[in-house]
Amino acid sequence: MTHTLSNFQLFPCHRHSFINPTNPKDYVCIKLGLGSTDPLLEKRVQLLLMMQISKNTDLQVLPPPKYISSELLAFVRVFNMNAQQLEHWINSERAMDLLHIDCALETTLESKTWQYLQTRLMLLLRVFPTTLEVDEEQLAAYKKGELYLCYVEAMVLEYRVLEKRVLAAALDYAKQRVKT
């Protein structure tokens with residue numbers, strides 16, 4: 001099962017009549033892109049292409065224990081770099097290290113990266129008309145027979161809960177990384 005968040009709507013890829021809530025290959029897809037008015041656009045694009053990442057792309061928020069895909073992390077790092085940092089990494093033989101969680105970076109860049117991810121994940125969760133807690137209560141009531149939902153409504157609710165759980169777990173992880 002794959003969850004995607006596109007234009008702030010849920011578009012699940014679903015071919016079977018069941019949902020696996022513990023699918024380790026599950027993810028939430030978010031769209032990110034570089035602005036055409038960015039004065040450092042050319043350098044950002046150059047560095048991203050070195051890692052085979054497009055300047056406008058869909059990136060993955062993953063379930064625990066990964067949380068953030070390496071491509072998402074690298075994209076956000078590049079997005080938050082200043083001119084000097086971009087130049088350093090473009091000229092480095094170790095540019096692919098930006099894809100790794102334990103890449104040695106300046107503290108300010110790493111803080112900006114995790115703060116950006118934290119903010120972005122909070123915004124994605126706020127787009128939903130209900131909270132995770134409300135959806136989980138409704139799902140529990142449905143499973144106990146206390147709430148009537150047609151089959152499709154129940155599946156959409158379960159998808160929404162799973163998507164919010166992935167985003168919420170990644171948000172908690174980003175918050176922890178900001179503190180470190």
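## Helix 1 and its packing

The buried residues of helix 1 pack against helix 2 (70-79) and helix 3 (83-90) in this predicted model. Helix 1 covers residues 41-50, and the buried residues in question are L41, R44, L47 and L48. Viewed down the axis of helix 1, these buried residues fall within an arc of 135 degrees, so they line one face of the helix. The spacing fits a familiar rule: an α-helix has 3.6 residues a turn, so residues three or four places apart point the same way. On the other side of helix 1, you will find E42 and L49 exposed.

Helix 1 also reaches helix 3 through charged side chains. K43 and E87 meet in a salt bridge, at 2.1 Å from N to O. Because K43 sits in helix 1 and E87 in helix 3, the pair ties together parts that are 44 residues apart in sequence. How accessible are the two partners, K43 and E87? K43 is partly exposed at 29% relative accessibility, and E87 is also partly exposed, with a relative accessible area of 31%.

## The whole chain

Stepping back, the protein chain holds 6 helices and 4 strands. Along the sequence their order is β-β-β-α-β-α-α-α-α-α. Of the chain's 180 residues, 44% count as buried.

Contacts in the protein chain often span long stretches of sequence: of those between residues at least 6 apart, 72% join residues at least 24 apart. On the outside, the chain exposes about 10500 Å², and carbon and sulfur atoms supply 54% of that area.

## Backbone points to check

If you like to look through backbone torsions, start just after helix 1, where Q52 takes a positive phi of about 60 degrees. Q52 is a residue other than glycine, and it belongs to the loop between helix 1 and strand 4. At 76% relative accessibility, Q52 counts as exposed.

The loop between strand 4 (56-61) and helix 2 contains P65. The peptide bond leading from P64 to P65 is cis, with omega near 10 degrees. Y67 lies in the loop between strand 4 and helix 2 as well. Its phi is near 70 degrees, again a positive value in a residue other than glycine. Is Y67 buried or exposed? At 18% relative accessibility, Y67 counts as buried.

## Salt bridges between helices 5 and 6

The model has a count of 10 salt bridges. One of these salt bridges joins the side chains of D135 and R160, at 2.9 Å from N to O. D135 lies in helix 5 (residues 132-143) and R160 in helix 6, so this pair ties together parts that are 25 residues apart in sequence. D135 counts as buried, with 0% relative accessibility.

A salt bridge also links E158 to K143, with the closest N and O atoms 4.0 Å apart. Since E158 belongs to helix 6 and K143 to helix 5, the pair ties together parts that are 15 residues apart in sequence. The two partners differ in how they meet the surface: E158 counts as buried at 16% relative accessibility, whereas K143 is exposed, with a relative accessible area of 58%. Elsewhere, salt bridges that share partners join R77, E110 and R177 into one network.

## A nonpolar patch on the surface

Which residues form a nonpolar patch on the surface? They are Y151, V152 and V156, and together they have about 280 Å² of accessible area. V156 lies in helix 6, which runs over residues 151-179. With a relative accessible area of 36%, V156 is partly exposed; patch members need over 30%.

## Cysteines

How many disulfides does a search of the whole structure find? The search comes back with 0. C29 counts as buried, at 11% relative accessibility. C150, by contrast, is partly exposed, with a relative accessible area of 30%.

Conventions:
Residues numbered from 1 in each chain as written. Predicted model: local features only at pLDDT ≥ 70, side-chain atom pairs only at ≥ 80, totals over all residues. Heavy atoms only, no water. Patch = residues over 30% accessible without salt bridge, like charges linked within 9 Å, V, L, I, M, F, W, Y side chains within 5 Å. Areas by Shrake-Rupley, 256 points an atom, 1.4 Å probe, with all protein chains shown as cover. Helix = DSSP H or I, 4+ residues; strand = E, 2+ residues; numbered from the N terminus. Buried < 20%, exposed > 50% of the residue type's maximum accessible area, 1.4 Å probe, protein only. Arc of directions from axis to C-beta. Contact = heavy atoms within 4.5 Å. Disulfide = S-S within 2.5 Å.
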